[in-house]
Amino acid sequence: MAYLIQGETGDWELVIGLEVHAQVISKAKLFSGAATDFGADPNSQVSFVDAGFPGMLPVINEVCVEQAVRTGLGLKSQINLTSVFARKNYFYADLPQGYQISQYDQPIVGEGELLIDLADGTTRAIGIERLHLEQDAGKSMHDQHPTKSFIDLNRSGVALMEIVSKPDMRSPEEAGAYLTKLRTILRYLGTCDGNMQEGSMRCDANVSVRKKGEQGLRTRCEIKNVNSIRFVQQAIEYEARRHIDVYEAGGDIRQETRLFDSAKGETRSMRSKEHAHDYRYFPDPDLLPLVIGADFVEAVKATLPELPDDKKARFMAEYGLNAYDSGVLVAERASADFFEGVATGRDAKMAANWIMGDFFAAMNSGGYSWEKPPVSAAHLGAMIDLIKDGTISTRLAKDVFVFMVETGKDPAAIVEEKGLKQVTDTGAIETAIDAVMAANPDKVAEIRAGKDKLIGWFVGQVMKATQGKANPAMLNELILRKLKE
Ligand code: MN
């Protein structure tokens with residue numbers, strides 16, 4: 001079931017590696033005490049260090065180091081106890097220092113892996129190459145004035161984790177699954193909010209193609225700063241087809257950096273690819289090598305939350321859920337907690353169905369969040385109890401649920417108020433059946449002559465007569481007995 005693109009000259013395979021810049025959750029910047037709040041007035045969160053004033057010295061923020069270690073552990077990666085900050089030199093108007101402090105040949109985090117969850121319920125391991133800490137640049141604003149550009153340095157110096165995968169992905173779907181999973185893990189860890197719209201998680205995709213069965217890698221192109229998972233997938237798809245067209249027309253691919261135009265659904269050339277030597281990396285003389293203790297790493301490890309893969313496995317083992325349902329429920333920590341709030345001590349499969357069905361539908365109808373859900377876990381649990389003890393049928397529960405969302409009241413109060421109690425009184429159900437039978441003697445005769453298909457019609461009529469309140473199991477049993485007698 002490998003993903004291949006058919007060309008004129010045969011089948012082509014995609015080779016995809018992703019570089020993600022994830023903004024570290026921290027009150028202060030990587031090397032200065034300036035604030036990092038999103039959306040503040042331009043240039044209101046800038047220290048002399050961030051503005052590149054001569055003679056200013058960077059001071060490492062320990063919180064950012066801890067966040068990088070935490071993320072490395074969450075990605076099952078090697079933590080390097082010694083790492084080195086280096087200057088990456090380039091000129092740009094929003095980079096007042098004239099260089100970015102980054103890490104080069106000695107990053108804080110080395111190789112690891114991330115499990116992606118695919119639509120068919122299978123998982124696949126994607127290699128992590130490295131994670132390093134670096135400063136973000138400022139922002140150039142070209143759309144504020146007809147002839148001038150402005151610079152906002154609020155972002156200058158904010159800590160980023162650059163997380164580089166191995167070129168292990170083979171389809172746009174796998175790239176999407178990788179980003180989705182990475183974002184989930186970062187959010188579980190509390191190290192990045194993963195908000196791609198606000199730019200706190202940005203993705204560069206490296207794409208190349210090769211003939212099915214071919215060894216080695218062909219020239220890749222890098223698509224820069226794509227800001228949604230869907231766009232990353234579209235950009236990869238477009239870029240792969242472009243490579244194939246070029247090769248099949250007898251041409252060659254030039255290594256370059258490209259931009260994705262989401263309106264046109266195309267990539268276009270931005271600049272020829274720069275190489276590491278163009279940046280004249282060298283160790284930053286203002287910073288000593290970063291040395292952390294094994295005890296520090298152990299202390300961070302001790303505070304890690306249960307991560308999504310472990311939680312998914314536990315939901316399957318402990319609650320008997322399938323891989324798909326477990327995967328959906330653990331996608332966010334809040335949804336997993338909500339599920340456990342409802343399922344503990346109850347029919348877990350039923351809890352999962354209600355959450356993934358009516359509850360998610362209500363949640364998506366707008367105005368709700370995990371802080372303010374359409375119904376509380378306690379109320380949804382109480383509603384399931386009412387189904388289980390026979391007070392309401394599953395059908396009536398759907399109405400009760402709607403009233404719960406509308407009023408915020410607990411289900412027992414709604415059942416009482418609206419008179420939605422299920423009729424479990426055999427006599428009352430029998431009376432209703434008798435009335436329907438008396439009104440339809442022809443149909444009764446047909447059923448008795450063997451036309452069993454009509455039984456369902458009878459059940460529907462009696463349900464209607466009792467406003468849906470008849471206990472379905474009882475109703476079925478009584479109808480069969482009476483029709484066949
Ligand atoms: Mn970078």
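In what order do the three strands of the open sheet come?

## The three-stranded sheet

The order is β5-β4-β15, with antiparallel pairing. The edges belong to β5 and β15, each of which pairs on one side only. Strands here are DSSP runs (E, at least two residues) and helices are runs of H or I with at least four residues, numbered from the N terminus. Two strands count as paired if DSSP finds at least two bridges between them.

Let's zoom in on β4, residues 85–89. Four of its five residues are buried, where buried means under 20% relative accessible area, exposed over 50% and partly exposed in between (1.4 Å probe, protein chains only). Five bridges tie β4 to β5 (residues 99–103), and two bridges tie β4 to β15 (residues 282–283). A86 faces both ways: S102 stands opposite it in β5, and P283 stands opposite it in β15. R87 has F282 of β15 as its bridge partner.

## What kind of model this is

This is a predicted model, so local features need pLDDT of at least 70 and side-chain atom pairs count only at pLDDT 80 or more, while totals for chains, interfaces and linings use all residues. Residues are numbered from 1 along each chain as its sequence is written, and side-chain values use heavy atoms, with hydrogens and water left out.

## The manganese site

Three protein donors hold the manganese ion: H21 through NE2, plus E134 and E162 through OE, lying 2.0 to 2.2 Å from the metal. Donors are N, O and S atoms within 2.8 Å of the metal (3.2 Å for Na, K and Ca); water is not among the atoms, so sites may look incomplete. Along the chain, the donors follow the spacing H-x112-E-x27-E.

H21 sits in strand β2 (residues 10–23) and E162 in strand β10 (residues 159–165), so this pair ties together parts that are 141 residues apart in sequence. Both H21 and E162 are buried.

## A pocket between the domains

Now for the second largest pocket, which holds about 370 Å³ of space. On a 1 Å grid over the protein atoms alone, a pocket is an open set of points with protein on both sides within 12 Å along at least five of seven lines, a cavity is a set where a 1.4 Å probe fits but cannot get out, and lining residues have an atom within 4 Å of a point. Points are joined across faces, edges and corners, and a volume is the space filled by probe spheres set on them.

Domain 1 (4–300) and domain 2 (308–418) both give residues to the lining of this pocket, so it lies between them. Those bounds come from an automatic or database domain assignment. Of the 18 lining residues, D117, L118, T180, G327 and V328 lie nearest the centre. Helices α2 (172–189), α5 (308–319) and α6 (323–330) each supply at least two of the lining residues. By class, the lining has nine nonpolar, six polar and three charged residues. Ala, Val, Leu, Ile, Met, Phe, Trp, Tyr, Cys and Pro count as nonpolar, Asp, Glu, Lys and Arg as charged, and the others, Gly among them, as polar.

One residue of α5 is D310, which is partly exposed at 44% relative accessible area. The C-alpha atoms of D310 and V330 are 9.6 Å apart, with their positions 20 residues apart in the chain numbering.

## The enclosed cavity

The structure holds one cavity of 30 Å³ or more. The largest cavity has a volume of about 50 Å³, and residues lining it include D50, Y99, Q135 and S156. Its lining has three nonpolar, five polar and two charged residues.
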